[in-house]
Amino acid sequence: MLTDLRARIRNTRWPALAPGAPWEHGVDEDYLRRLLDYWVEEFDWRARERELNGFAQFRAELDGVMVHFVHERSRRRPGIPLILTNGWPSNFVELLPLVPLLTDPDTHGIDGPAFDLVIPSLPGYGFSERPATVGVNYRYVAGLWQRLMQGLGYARYGAGGGDFGAGVATLMALDQPQRLIGLHLSNLELSPYVGPESRPLSSDEDSYLHHSDRFWQTEGGYKQIQATKPQTLAYALNDSPAGLAAWILDKWRSWADSGGDLDGYFAPDLLLTVVTLYWVTQTMPTSILDYFDNRWHGVELGPDDFVHVPTAIALFPQFVSEGDPPREWVERLYNVRQWTPMPSGGHFAPIEQPECLAQDIASFFSRITEDER
């Protein structure tokens, strides 16, 4: 697979590009050429494999599907069980910087409890299979994660994540609230119900919704095609490593708090680890099905849906740049106990700001577990 990768990169057919400033029409050609050259000539995948294999990883069969997960126990027993889930276009690698900080907080200057961390790969991402069926939506995955945690021997646990992971964690709290100690989210993936029974929108809420709509009009092309024609797109992304890298890295640049400078913000080895995992497992086609399933077979929240589980919201200022939701909007759906506007960071917060995120998680669970006593 790696030999084939190098051959394909060397034989990349470069298109005639529209004139314009770098990144104006998408991924900059000079940047992509440099990164592909590094991928072929210098990137050491075997070294990255060894680093990843330093984490305790497993696969379990759930509903006939093999699910991959990291399971790292607290260095200070007992630990609070916590399942964390990433989103797209990412994978479990994004969450690994949190492992030492949350399993061994004393050593890393984190003030709070220690955790037993479970970091699963979403169905169809990396080393997790995707069921050969439609409807693998937030609710379906939430059910898988409940069975995974209970199968690991945890009766009650916390849940959290960002992007798709925030949607999955929310459904875990809606569907089996008795199992959840608390919920920690780094974005609002699901919108609250708004209808005749709801209170009118405030000016801040109305402004946020208009800002979000404008953002998706300019940034949402990828989402429309992945939610409507994922199979058509899948052929290209599974055939071309250059195309795959461009499709992923466009979002890592736009959605991170990078100031547009991927070279200066993320190490190339990190970015290429994410991209290579998609390439060697051939899971970009299955990962983008999340958009199709959650659009056409998704979850519609009603007026009675409310997350009573204590919830923490950590707001990273560049999370997809659609704007920060006002607290009153979030409280239509969640029992918000902790609200933390972060000074920096974006969509890939566990990599961008791991210490800030870990401290926020630890502070929240310290508070709510004390409240339960």
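A search of the whole structure, a predicted model, turns up four cavities of 30 Å³ or more. Here a cavity is a set of points on a 1 Å grid over the protein atoms alone where a 1.4 Å probe fits but cannot get out. Grid points are joined across faces, edges and corners, and a volume is the space filled by probe spheres set on the points. The largest cavity has a volume of about 140 Å³. Of its 20 lining residues, L95, G161, G162, S186 and P350 are the closest to the centre; to count as lining, a residue needs an atom within 4 Å of a point. At least two lining residues each come from β3, β5 (157–161), β6 (180–185), α16 (349–352) and α17 (354–372). These elements are DSSP runs numbered from the N terminus, helices being H or I of at least four residues and strands E of at least two.

A word on conventions before moving on. Residues are numbered from 1 along each chain as its sequence is written, and side-chain values use heavy atoms, with hydrogens and water left out. Because the model is predicted, local features need pLDDT of at least 70 and side-chain atom pairs count only at pLDDT 80 or more, whereas totals for chains, interfaces and linings use all residues.

Now to the pockets. A pocket is an open set of grid points with protein on both sides within 12 Å along at least five of seven lines. The largest pocket has a volume of about 1,100 Å³. Its lining is made of 43 residues, and Y138, E189, L190, S191 and K223 lie nearest the centre. α7 (203–219), α8 (221–228), α14 (289–296) and β7 (307–315) each provide at least two lining residues, with α7 giving the most, five residues.

The second largest pocket holds about 630 Å³ of space. It is lined by 28 residues, and those nearest its centre are P15, L17, G26, V27 and D28. Two or more lining residues come from each of α2 (29–41), α9 (230–239) and α10 (241–255). The largest share, six residues, belongs to α10.

The table sets out the linings by class. Ala, Val, Leu, Ile, Met, Phe, Trp, Tyr, Cys and Pro count as nonpolar, Asp, Glu, Lys and Arg as charged, and the others, Gly among them, as polar.

| Lining | Nonpolar | Polar | Charged |
|---|---|---|---|
| Largest pocket | 24 residues | 10 residues | nine residues |
| Second largest pocket | 16 residues | six residues | six residues |
| Largest cavity | nine residues | nine residues | two residues |

Helix α10 also takes part in helix packing. Two packed helices are described by the angle between their axes and the distance between the axes. Axes are lines fitted to C-alpha atoms, for helices over the stretch in contact, and angles run from 0 to 180 degrees between N-to-C directions.

The axes of α2 and α10 come within 11 Å and cross at roughly 120 degrees. That makes α2 oblique to α10; angles under 35 degrees count as roughly parallel, over 145 as roughly antiparallel, 65 to 115 as roughly perpendicular and the rest as oblique. Their crossing is right-handed, a label used if the near helix is turned clockwise from the far one by less than a right angle, with anticlockwise giving left-handed. Y31, L32, L35, L36 and W39 of α2 make the contact with P241, A242, A245, A246 and L249 of α10, where contact means heavy atoms within 4.5 Å. By class, this contact has 10 nonpolar, no polar and no charged residues.

With α8, α10 packs at an angle of about 135 degrees, the axes lying 12 Å apart. The two helices are therefore oblique to each other, and their crossing is left-handed. Y222, I225 and Q226 of α8 meet W247, K251 and W255 of α10. This contact divides into four nonpolar, one polar and one charged residues.

Finally, some backbone details in the loops. R77 and P78 are joined by a cis peptide bond with omega of about -10 degrees, and P78 sits in the loop between β2 (65–72) and β3 (80–85). Another cis peptide bond links W88 and P89, with omega of about 0 degrees; P89 lies in the loop between β3 and α4 (98–103). W23, although not a glycine, has a positive phi of about 70 degrees. W23 belongs to the loop between α1 (2–10) and α2.
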